[in-house]
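Reader: I am new to this structure and would like to be taken through it slowly, with each term explained as it comes up.

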Amino acid sequence: GPGGKNTIKGTVQFKNGVSGNNDAAPMAEISIAYGSNGSTSSFDQTILANNDGTYKFETLRKGDYFIKATFTDEHGFKYSNAGSVVTFNHRKKEAEVNIVLE
């Protein structure tokens with residue numbers, strides 16, 4: 001949980017069905033579960049991605065984290081992913097987790 005010196009950051013993109021490209025997902029919701037090394041539906045914090053799809057969770061302690069993102073485009077289509085597990089064994093580490101939603 002909070003109170004450490006670890007960071008998870010990255011970008012959220014969605015597979016655009018019209019263009020076929022992976023486009024930035026502005027205002028995508030990224031949720032994090034503290035102490036979880038597997039899929040869960042219970043999250044401790046949710047943040048919104050910036051306009052360019054970037055996000056950052058800071059001040060995390062060592063341990064396991066599960067992150068998952070969702071995005072709804074301007075046409076109302078919802079995108080999601082299975083989620084990712086990040087484990088910090090040391091202090092002051094930075095993990096980059098780039099997410100592509102489908």
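Author: The structure is a predicted model, in which local features need pLDDT of at least 70 and side-chain atom pairs count only at pLDDT 80 or more, while totals for chains, interfaces and linings use all residues. Residues are numbered from 1 along each chain as its sequence is written, and side-chain values use heavy atoms, with hydrogens and water left out.

Reader: Which strand gives the largest share of the largest nonpolar core?

Author: A nonpolar core is a set of buried Ala, Val, Leu, Ile, Met, Phe, Trp, Tyr and Cys residues joined through side-chain atoms within 4.5 Å, where buried means under 20% relative accessible area, exposed over 50% and partly exposed in between (1.4 Å probe, protein chains only). The largest such core has 23 residues, and Ile8, Val12, Tyr55 and Phe57 have the most contacts inside it. Strands are DSSP runs of at least two residues, labelled E and numbered from the N terminus, and those supplying at least two core residues each include strand E1 (2-15), strand E5 (54-60) and E6. The largest share, four residues, comes from E6.

Reader: How are the rings of tyrosine 65 and phenylalanine 88 arranged?

Author: Rings of Phe, Tyr and Trp (its six-membered ring) pair if their centres lie within 6.5 Å, and planes under 30 degrees apart count as stacked, over 60 as edge-to-face and the rest as tilted. Seven aromatic pairs are found in the structure, one of them being tyrosine 55 with phenylalanine 57, at 6.1 Å centre to centre and 70° between the planes. For tyrosine 65 and phenylalanine 88, the centres are 6.0 Å apart and the planes stand at 65°, so this pair is edge-to-face.

Reader: Which parts of the chain does that pair tie together?

Author: Both tyrosine 65 and phenylalanine 88 are buried. Because tyrosine 65 lies in strand E6 and phenylalanine 88 in strand E8, the pair ties together parts that are 23 residues apart in sequence.

Reader: With which residue does glutamate 94 form a salt bridge?

Author: A salt bridge is a side-chain nitrogen of Lys or Arg within 4 Å of a carboxyl oxygen of Asp or Glu, and by this rule the count comes to one. Glutamate 94, in strand E9 (residues 94-96), is exposed at 52% relative accessibility, whereas its partner is partly exposed, with a relative accessible area of 27%. The closest N and O atoms are 3.4 Å apart, and the partner of glutamate 94 is lysine 9.
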